[in-house]
Amino acid sequence: MVRRFIETQLEEPSSTVVANQQLHSLAFLVIGVPEAHEYFGEVSKFICMLLNAAAGILQSDMLQRIDDDFGDVDNYFVMQAFDELASAWSTVINEIREWEYLEDAALNVEPSAGGDRSDADKQVSNHSVLSSFTHFLVTTAYLIRSEYIQLRMLMCEDSVSSSGSRAESLSLDQGLLAKDYVVYEDQLQFFALLARLDVRTSLDRLYENLCSRCNALQEEFRALEASASEGTYARSGDGFNQHTVDLLHEQTQWIVLMIGFTLCDSGTSERVLIPKPVLEYSATCSSMEQDLVVQCIMTMLKTLEFELASPLPSHSAYGSPLLVETLFWTLQRIAPVYFLLDRSDYRNISASIVTAFGGSADGGNGAAIINGILDLVKRTFDLWSAEEDVLQMCVSGLRTLAQRAAIAREVTTSPQFAPLMQYFTSNITRFPEAIHGSIIEALALLACHSSAANHERCFADLKSLILRSFSQVVHTGSFMARHQDARLVNQLLGGLDMMDGLLSAANFRNMEAVFALFFEVQPLFEQLLTVYACGEEVPRQVVQAMESAARYLDISSLPDDEHMLRFSHCFRELLQRYQKSSTNRSTLLHSDTDIESLSEIRSLISAMSHLVHNEMGFAPDEVSPSIAKAVSEDFGETEVFGLYCVYVTADPSQLLAPNVLRIHIQLLSEMVQYRLLSLVRWLPTEIWARVMDTLLAGIDHGIYDVGQRTYEAISKLGAYAKVTGLTNLPAELREVLGQGFKQLLSKLLHALLFSPFDVELVEYAGSALVTLGLIDPEHLQSCFRELFSQGESAAFAERLSSTLAKFNADLEACEAVQGLLASTKPIPDPINSAELRQPLFEFLVNTRAVLRIK
């Protein structure tokens with residue numbers, strides 16, 4: 001209730017104007033309600049009270065019962081209430097930040113704006129009110145941050161103390177959702193908002209906590225090394241050292257997360273910059289030693305170096321892969337923002353940040369830090385070679401370094417890069433197969449930023465590694481006799497995953513070479529689909545590689561039609577081989593509860609969708625403007641065969657699974673829009689029946705995208721059927737389409753008149769309804785007669801008949817409808833749904849009203 005109240009108050013803009021400036025909604029609330037400050041103060045106290053209550057539970061006898069009933073304290077109502085209030089408080093802070101940004105922008109445009117205001121105006125201006133409120137937020141933020149840090153440290157103690165009893169339950173809850181930076185992302189973002197209100201105080205507390213725990217960790221390891229040199233293990237008999245080290249690792253991990261969220265935001269599409277409050281604080285520091293932004297990052301690097309310092313084998317159990325993974329995750333977040341930063345992105349940049357992390361041209365030490373990170377990557381793979389999550393995060397960090405050209409160039413010119421490349425290509429079999437593709441992708445992306453000679457050499461090494469993983473297996477005389485050997489299968493899966501990684505790294509620099517490699521391995525893929533026709537993992541991985549090829553290989557970059565046709569033929573041959581092999585795996589593929597089989601079907605559908613995008617480029621007609629008509633038609637045959645493969649290899653129930661149906665309808669809609677003539681020409685009649693069933697399932701579906709794309713496909717297909725009359729089609733196909741159109745019309749009319757329909761989809765559905773009615777007006781009249789029969793009075797029938805007559809008259813006068821009827825295009829455009837909006841809404845409102853009172 002509190003969250004809704006605050007958010008609702010801030011959503012409504014104020015109409016009050018002071019000194020020619022509209023009063024901000026928060027400023028209006030603070031001024032207009034005298035008790036506002038007191039109210040917000042009580043809310044902040046309540047937030048602290050909830051955190052304090054959670055901390056009290058951790059130290060009470062209630063903890064075991066709450067753990068048994070709710071899993072942990074975070075799932076208890078106290079923390080759920082905290083999450084609600086944190087969301088409301090975040091809204092308030094974000095409103096302040098947005099106002100500060102706009103105020104700053106306005107001052108930059110008009111520096112003298114607002115200089116001639118009366119004293120009364122100044123007292124009630126946005127600046128005066130919100131600045132005062134910001135001081136209030138700073139005070140409350142300190143209290144909330146302190147309570148949250150204390151709570152998290154106590155939770156770490158509870159987690160370490162109960163780790164043994166929870167080991168079995170936690171083993172069932174691994175993966176991405178088990179990561180603290182994912183599960184508690186909202187809480188950590190809230191903490192970061194609070195911290196940026198007073199960066200100096202926040203970082204001072206966090207840095208102090210980080211240093212104290214890192215120093216304690218080093219003391220523990222020194223004690224262990226000293227005891228080992230004496231032939232004993234100090235205090236190890238009662239497990240005290242292990243418990244202490246585990247606790248320090250857990251608490252350090254949480255402090256690192258808080259620092260990581262405070263120092264920068266996440267971002268995948270937009271360029272992320274250093275947050276303004278952090279930058280302003282850093283600019284006030286006279287040296288790097290006093291700049292806690294620099295010191296926090298450097299201390300995290302030193303902590304990572306310490307964790308990877310290769311302790312004695314007998315002490316390896318004391319290391320923390322979780323802390324190493326979290327440190328790499330934080331570096332992945334920080335590196336693109338702080339390392340080798342572009343000074344032109346900032347009006348005022350901190351000298352200490354430039355000196356610590358900038359490029360050599362700016363007198364910075366960024367190149368040395370990047371060299372050190374490459375060394376830490378190698379150490380991680382040496383020390384934690386079996387920890388898949390740690391290695392995956394480490395490789396993800398390398399991919400992040402490749403996102404910024406300046407950093408990637410520095411990596412490839414580093415003396416550490418060539419040895420690292422050699423290390424990976426020589427030892428990749430030591431690491432889990434699941435990360436082979438990610439390693440190849442990261443190395444290929446980085447190599448694209450090197451010189452021409454180095455890039456050619458790096459790509460040759462990667463290509464040799466991939467081909468070797470296949471040739472050492474497939475081209476041996478004992479392959480058929482040993483093809484079911486687990487080690488051999490794992491080697492093949494590793495090779496396929498590496499090929500998938502290289503395809504994912506395709507770009508303008510290496511596109512030609514990756515295409516050539518794909519053509520080279522395509523016969524091997526066919527052979528694997530034949531040999532492992534009864535298998536599961538190998539065909540699935542081949543389909544995944546096909547999806548990456550369709551998604552990342554740019555067909556328009558091929559030099560001529562011959563190469564384009566070759567790619568289309570290669571893809572079609574793989575699909576044909578896959579379709580034949582799938583008949584031997586029908587039991588597996590038709591298991592609608594098997595997550596892996598659903599994943600394979602999703603990959604196949606996605607591959608065909610990407611192939612359509614790749615070749616067509618969303619051209620408005622059948623022929624892509626950049627590709628010859630013969631090539632486009634050949635791709636059309638390939639894409640239709642891919643759709644055929646989807647239907648013959650998957651069970652109908654699998655295609656209706658929500659995660660599959662969304663991309664399935666997307667592919668079907670795109671094929672109808674861009675490949676309609678190819679569908680009519682190549683798709684078998686029995687598959688057309690399945691297509692109509694799929695469209696029928698998409699009507700009135702709960703997923704918005706499914707409904708919208710379904711109605712678009714019906715409108716396009718219906719427009720073609722109406723204009724051409726389907727006279728050139730076989731009688732059997734005309735029968736299937738005609739019957740399908742009847743079923744679609746009946747269900748769509750019923751949904752529009754009787755279901756709680758999404759108003760945003762009415763226009764799309766209306767276009768489909770009108771088009772279907774034009775195709776089969778007799779069936780539409782029969783549907784209307786059913787409606788007439790539902791009433792028991794003449795007045796009902798008369799009112800309903802009047803509504804229908806008005807709708808028909810509106811349609812006859814509608815230019816969009818008449819334009820479709822007069823169209824002579826081989827593929828006519830569907831009816832413009834926007835022009836149907838007014839008559840359609842009148843018809844639906846009036847008809848539904850009549851049906852309600854029948």
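Start with the largest cavity of this predicted model, which has a volume of about 80 Å³. To find the space, select F328, L331, Q332, A335, I373, V377, C394, G397, L398 and L401, the residues that line the largest cavity. Then colour three helices: α15 (321-338), α17 (366-383) and α18 (388-401) are the elements that each give two or more residues to this lining. Colouring the lining by class shows eight nonpolar residues, two polar residues and no charged residues.

Next, go to the second largest cavity, where the space comes to about 50 Å³. Select Y142, R145, S146, I149, F191, T201, S202, R205 and L206, which line the second largest cavity. Show α7 (126-161) and α11 (199-229) as well, since each supplies at least two residues of the lining of the second largest cavity. By class, four residues of this lining are nonpolar, three are polar and two are charged. The count of cavities of 30 Å³ or more is three.

Now turn to the cysteines. How many disulfides does the structure hold? The number is zero. A disulfide is a covalent bond between the sulfur atoms of two cysteines, and in this model no pair of cysteine sulfur atoms lies within 2.5 Å.

Last, select C570 and then C783. Are these residues buried or exposed? C570 has a relative accessible area of 7%, and because buried means under 20%, C570 is buried. C783 is buried for the corresponding reason, with a relative accessible area of 8%.

Methods
Residues numbered from 1 in each chain as written. Predicted model: local features only at pLDDT ≥ 70, side-chain atom pairs only at ≥ 80, totals over all residues. Heavy atoms only, no water. 1 Å grid on protein atoms, 1.4 Å probe; cavity = no way out; pocket = protein on both sides within 12 Å on 5 of 7 lines; lining within 4 Å. Points joined across faces, edges and corners; volume = space filled by probe spheres on them. Helix = DSSP H or I, 4+ residues; strand = E, 2+ residues; numbered from the N terminus. Nonpolar A, V, L, I, M, F, W, Y, C, P; charged D, E, K, R; others polar. Buried < 20%, exposed > 50% of the residue type's maximum accessible area, 1.4 Å probe, protein only.
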